[in-house]
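Student: Could you take me through one part of this model in close detail? I would like to see how a helix takes part in its surroundings.

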Amino acid sequence: MHLTSAPLVAWGNAWLSGHVGLDDAVDAVERRSGPNLIGTVPPGDLPFDGGVPLRTALVHLRGLGLSVFRLALPAWGDPFGLVGPAELNQAAIEAQEGVLVQLTDRQVGLVPSADRRGSSYVGVSWAPYPANDTVPQIPDLPEAERRLKLTLVEVAEQLQGVNDVAGFAPTVHRALGDPGVPALAHGYPPRAHRVAAQAERLARMVELAEPESGRGLTAHQARLRQEALRTLDAAVRRARVAAHAAIELPR
């Protein structure tokens, strides 16, 4: 799926690490999603009532000790990348994504939603939530890459007995052949770019696998196919999060 949170994390970290300027980071984020507005950051000590532009919000957050952006890609039953409390987890799971922002004295969760006004304005509105001040448990990049490769092998073996395993429409094959824009920003190591690109392609495959393409399969084959896609999705989400975390930030 198209992630709103990933560009903010990638370009936000590139800015914090000094690889890009603030204006370049904001421009890169908003080229992908339109104007971004951030609401009042708990406990309400930032004048963000009604939402303020991303650039202004980042300047304010930097003044509060902003040190890292962390990507969260949860799913129902798998709150991966989240740290609680329940209100934040629920919102992020419903959105299937979110960002953790580390400040000097606390952590804040940002959950995106589409911001549509009239017939032409399309942007992103970020709802802030208090987050538990702990570091989420995520795999390092080599571990995530290894797990992704092993999962591809396991899924292929799991689906050997399923006829029309892929069952993908032509749109899927076209999407897999389209490299699109780079998933990461300047400053990330080559390995992170490679893992992010592979995970991006596989995420499209999981997303675009049409449910009706399983027609003609037995109940057992359909269940195998569904379980395989779920397993692959979990590995893809972990690889994407690990790639977005793989940048050297100032201490």
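Tutor: Happy to; here is a look at helix α8, starting with its packing and going on to a pocket. Keep in mind that this is a predicted model.

α8 covers residues 219–245, and its partner in the packing is helix α5, residues 141–158. The axes of the two helices lie 9 Å apart and make an angle of about 165°. Since angles over 145 degrees count as roughly antiparallel, α5 and α8 are therefore roughly antiparallel to each other. Their crossing is left-handed.

Now for the side of each helix that takes part. From α5 come L141, A144, L148, T151, L152, V155 and Q158. They meet a set of residues in α8: L224, E227, A228, T231, L232, A235, V236, R238, A239, A242 and A243. Sorted by class, the residues of this contact are 13 nonpolar, three polar and two charged.

α8 also has a part in the second largest pocket, where it supplies at least two residues of the lining, as do α1 (5–16) and β3 (68–72). The volume of this pocket is about 390 Å³. Its lining is made up of 18 residues, and those nearest the centre are V68, R70, A245, I247 and L249. Of the elements, β3 gives the most to this lining, with four residues. By class, the lining of the pocket holds twelve nonpolar residues, along with three polar and three charged ones.

So much for α8: a helix that packs against α5 and helps to line the second largest pocket.

Terms used. Residues numbered from 1 in each chain as written. Predicted model: local features only at pLDDT ≥ 70, side-chain atom pairs only at ≥ 80, totals over all residues. Heavy atoms only, no water. 1 Å grid on protein atoms, 1.4 Å probe; cavity = no way out; pocket = protein on both sides within 12 Å on 5 of 7 lines; lining within 4 Å. Points joined across faces, edges and corners; volume = space filled by probe spheres on them. Nonpolar A, V, L, I, M, F, W, Y, C, P; charged D, E, K, R; others polar. Axes fitted to C-alpha atoms, helices over the stretch in contact; angles between N-to-C directions. Parallel < 35°, antiparallel > 145°, perpendicular 65-115°, else oblique. Left-handed = near helix turned anticlockwise from the far one by under 90°. Contact = heavy atoms within 4.5 Å.
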